[in-house]
Amino acid sequence: SRIDMTQIQYWHEYCAYKGFQYNSILASQRSILEVLRDICAAGRASPAMLDGKWTVIIDEPKSNIVQHFTPHNSWGFESSKALVKMPDGLRVTYIDEDQDYQQAEIIIYNSGKSPENSELFESIQLPGVTKKSLVIDHARWHFAQAKLRPEVYRLNSDIEYLVCNRGDRVKVMHDVPMWGLGSGRIKNRISSTEFRLDEQIYLDPSKPYTIRVRSATGASVERNVNTTGVTLGYSDIVKISTAATQTEINAGDLFLFGEYQQEAQDLILLSVEPSSNKSAVLTLIDYGITDEYNLFTDYLTLSATTV
């Protein structure tokens, strides 16, 4: 009753498909949570307590967008970016099952690097990973994470943070990092394709735009904006190309607006720290899929040879 067996079963199938394994002997006294973290890390996941049940959060593509955050329901946005020099290679020490479980070492080189032109190395360990092919795969994954997720974002949210948990995919529109062009709430529903907003947006009929709305059901509804007959300038009226039902878009719904497919940033919720006054501090990182790259598939191409 205290374990989310559905998610655990899904993770089992995910690891079996990926070939992930954890193989280790506990030779010292450690807490259960420490061991769980090592086991989960071998399967690209982390343990978590959600709704009173132990479960796992898997770092994988997520189709469901759980929440929207804008300056209308958040404050205190800040970000920090690691500007460290990328190593020429990752030196990985592990216990190799093919060498009678003796300690071995392998180097994963950065793109364009090799033994002949590499000087800076960083060392990592992969507890419980004893298969050489998996060591290489995980090391390449860590390299890609360092390259494509170098920035950490933080913001404060009111009670609306309650609908999302660590590991959820969210959309964030904000003027500080220049994500999107505007946000607000739907003021009136004029028709199934026309709406009045409580904030004006700037429209250029020569450009394509996207509006994304968080419906009353919690769904993230995306529509292309119809700029036919629109006059250049600010307007509080928006027309969409495809009709939306009242369940999808209605008065009071939060909207995100921007140029086509750029109305908000795709992020993953890393942690939730509840504070007083029914608010919380949220820590987020980049989701990992953009027009330029897909972390979950391209991580294999962001590093070079191994020795």
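The legends below describe close-up views of a predicted model.

Residues are numbered from 1 along each chain as its sequence is written, and side-chain values use heavy atoms, with hydrogens and water left out. Because the model is predicted, local features need pLDDT of at least 70 and side-chain atom pairs count only at pLDDT 80 or more, whereas totals for chains, interfaces and linings use all residues.

**View 1. A nonpolar surface patch that includes Met5 and Trp54.** Ile3, Met5, Ile32, Leu33, Leu36, Met49 and Trp54 make a nonpolar surface patch of about 660 Å². Patches are made of residues with over 30% relative accessible area and no salt bridge; nonpolar side chains (Val, Leu, Ile, Met, Phe, Trp, Tyr) are joined within 5 Å and like charges within 9 Å. Areas come from the Shrake-Rupley method with a 1.4 Å probe, and for residues only the protein chains shown count as cover. Helix H2 (residues 32-41) supplies the largest share of the patch, three residues. Met5 lies in helix H1 (residues 5-18) and is exposed, at a relative accessible area of 54%. Helices (H or I, at least four residues) and strands (E, at least two) are DSSP runs, numbered from the N terminus. Buried means under 20% relative accessible area, exposed over 50%, and partly exposed in between (1.4 Å probe, protein chains only).

**View 2. Helix H3 and its buried residues.** Helix H3 (residues 132-148) has 17 residues. From its first C-alpha to its last, H3 reaches 24 Å, close to the 24 Å expected at 1.5 Å a residue; the expected span is 1.5 Å times one less than the number of residues. The buried residues of H3 are Leu134, Val135, Ile136, Asp137, His138, Ala139, Trp141, Phe143, Ala144, Gln145 and Leu148.

**View 3. Surroundings of Cys40.** A search of the whole structure finds zero disulfides, a disulfide being a pair of cysteine sulfur atoms within 2.5 Å. Cys40 is therefore in no disulfide, and the nearest cysteine sulfur, that of Cys15, is 8.6 Å away. Cys40 is buried, with 3% relative accessibility. Cys164 also counts as buried, at 3% relative accessibility.

**View 4. Salt bridges of Asp38, Glu97 and Asp266.** A salt bridge is a side-chain nitrogen of Lys or Arg within 4 Å of a carboxyl oxygen of Asp or Glu; by this rule the count comes to 17. Asp38 and Arg30 meet through their side chains at 2.6 Å, N to O. In this pair Asp38 is buried at 17% relative accessibility, while Arg30 is partly exposed at 33%. Glu97 and Lys131 form another salt bridge, at 3.4 Å, N to O. This pair links distant parts of the chain, 34 residues apart: Glu97 is in the loop between strand S5 (89-96) and strand S6 (102-110), and Lys131 in the loop between strand S7 (121-125) and H3. Glu97 is partly exposed, at 22% relative accessibility, and Lys131 is partly exposed, at 26%. Asp266 forms a salt bridge with Lys171, the closest N and O atoms being 3.4 Å apart. Asp266 in strand S16 (residues 265-274) and Lys171 in strand S9 (residues 169-172) are 95 residues apart, so this pair also links distant parts of the chain. Asp266 is buried, with a relative accessible area of 13%, and Lys171 is buried, with 7%. Salt bridges that share partners join Glu78, Arg154 and Glu273 into one network.

**View 5. Positive phi at Arg44 and Asp100.** Arg44 is not a glycine, yet has a positive phi of about 55°. Arg44 lies in the loop between H2 and strand S1 (45-50) and is buried, at 7% relative accessibility. Asp100, likewise not a glycine, has a positive phi of about 55°. Asp100 is in the loop between S5 and S6 and is exposed, at 60% relative accessibility.

**View 6. Contacts of Ser215 and Tyr234.** Contact means heavy atoms within 4.5 Å; neighbours within four places in sequence are left aside. Ser215, in the loop between strand S12 (209-214) and strand S13 (220-224), is in contact with Val221, Thr247, Glu248 and Asp253. Ser215 is buried, with a relative accessible area of 4%. Tyr234, in strand S14 (residues 233-239), is exposed, with a relative accessible area of 60%. Gln200, Ile201 and Tyr202 are in contact with Tyr234. Tyr234 and Leu282 are 48 residues apart in sequence and 32 Å apart in space, C-alpha to C-alpha.
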